[in-house]
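Student: I am new to this structure and would be grateful for a close look at one part of it. Could you please take me through the place where the two domains meet, and then set that place in its surroundings?

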Amino acid sequence: METKKPQIHRLLTAGLAAVAAATAALTSATWAKAADTEVNLYSYRQPFLIKPLLDAFTKDTGIKVNVVFAKKGMLEKIKAAGDNSPADAVLTVDIGRLYALKEAGVLQSIKSDALNKNIPAHFRDPDGMWYGLTARGRVLLLSKDRIKPGSIKSYEDLTKPEFKGKICTRSGKHPYNVALIASMIAHHGEEGAKKWLEGVKANLARKPQGNDRAQAKAIYEGVCDIALSNNYYMGKMMTNEKKPVQKKWAAAVTLTYMNQDGRGNHMNISGAAVTKSAKHKDAAVKLVEFLSSDEAQKIYAEDNHEYPVKPGVPRSELVQSWGDFKADTLSLEKIAKLRPAASRLVDKVGFDDGPGS
Ligand code: FE
């Protein structure tokens, strides 16, 4: 700004037309200075998945993305820094984490026609605070050898007496299971969901433990026959060149979508949000919009075996090999609000204590 002063002074003495010209020049200079050339991103999503997306964004817009890959404590970091937080946008998985950011008051509402057009309403916050970018299904993995196809068709079927001692799962307190239980509360009420959870607990083969892939391993090893898992872990096991033993775990099971004759399979999301303290808000919004575009949705679909949220973007070939399916369109916001009740239910029925406890 300092260097412009003499120039403006000369123009001011040269008549009204010149003044107008100088004003225009200054305005565009100010605008050019304000336009964001970079954006700061906190990401819970892994580099292998995010780098190709960010490279494509920079190529399209010229905006540089400074990304910090966080494993834990992103919310705490943003909260502690307050207005000084360097993060303009965040990328994370699970509705629970997105909603926690909203509840903590660290996000700002975004109004964007592109986002509203690209992302179905049940996958975004009604207040525009967070947006789902990929969808994942909580499916069942069924033993190819020991479970007759068609004998288990719904989450409700998990409580059938014939499946006693046959179910494996990770902790009931894990966000993926908490969201599923929250959806059961939404569909059956708290009492109905409690009975269901007690029934699943009674049918467990062992104490809830490990991650989703560990359950497929347990089926392979004959520990159990039925497991809860997110769909993309099946894709990761099927294509795992570094740990080829996981291909055997995947080969032992059939990925099966639930409730296809009714409300559809329970879904969760990964998503993005813009922080309240964003210093590069315009660029942050552009980035989230880009991640919902055809170009980015295709990269997501191919690289992580998730489902694009944007209607019309094809699923990857591998994901398509599991067949078409009907997804539950229950709003993720409703699920988020029922999470505390779901988490309490897990404690109340002592789900993580395992069967016979
Ligand atoms: Fe996961």
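Tutor: Buried area is the accessible area, found with a 1.4 Å probe, that two parts lose on being put together, summed over both. The model to which this term is applied here is a predicted one.

The chain is divided into two domains, each built from two stretches: domain 1 covers 33-135 + 269-313, and domain 2 covers 137-266 + 326-353. Taken over C-alpha atoms, the centres of domain 1 and domain 2 lie 28 Å apart. Where they meet, 18 residues of domain 1 are in contact with 19 residues of domain 2. The area buried between domain 1 and domain 2 comes to about 1,500 Å², and carbon and sulfur atoms give 63% of it. On the side of domain 1, His122, His305 and Tyr307 lose the most area to domain 2; together they account for 38% of what that side buries.

What kinds of pairing cross the interface of domain 1 and domain 2? Five residue pairs in polar contact are found there, both residues being at pLDDT 80 or more, whereas the rule finds zero salt bridges across this interface. Helix α5 (residues 95-103) supplies three residues, the largest share of the side of domain 1 that touches domain 2. Sorted by class, that side of domain 1 has 10 nonpolar, five polar and three charged residues.

Salt bridges do occur in the model, with a count of 18 by this rule. One of them joins Lys102 to Asp125, with the closest N and O atoms 2.9 Å apart. This pair links distant parts of the chain: Lys102 belongs to helix α5, while Asp125 sits in the loop between α6 (113-118) and β4 (131-143), 23 residues away. In general, side chains of opposite charge can pair when their charged atoms come close.

To complete the surroundings, one may turn to the metal site. The iron ion has Tyr176 (OH), Tyr232 (OH) and Tyr233 (OH) as its protein donors, at 2.0 to 2.1 Å. Along the chain these donors follow the spacing Y-x55-Y-Y. Tyr176 in helix α7 (residues 175-202) and Tyr233 in helix α9 (residues 231-238) are 57 residues apart, and the pair thus links distant parts of the chain.

Technical notes: Residues numbered from 1 in each chain as written. Predicted model: local features only at pLDDT ≥ 70, side-chain atom pairs only at ≥ 80, totals over all residues. Heavy atoms only, no water. Domains from an automatic or database assignment. Contact = heavy atoms within 4.5 Å. Salt bridge = Lys/Arg side-chain N within 4 Å of Asp/Glu carboxyl O. Polar contact = N/O pair within 3.5 Å; in protein donor to acceptor, adjacent residues only side chain to side chain. Helix = DSSP H or I, 4+ residues; strand = E, 2+ residues; numbered from the N terminus. Nonpolar A, V, L, I, M, F, W, Y, C, P; charged D, E, K, R; others polar. Donors = N, O, S within 2.8 Å, 3.2 Å for Na, K, Ca; no water.
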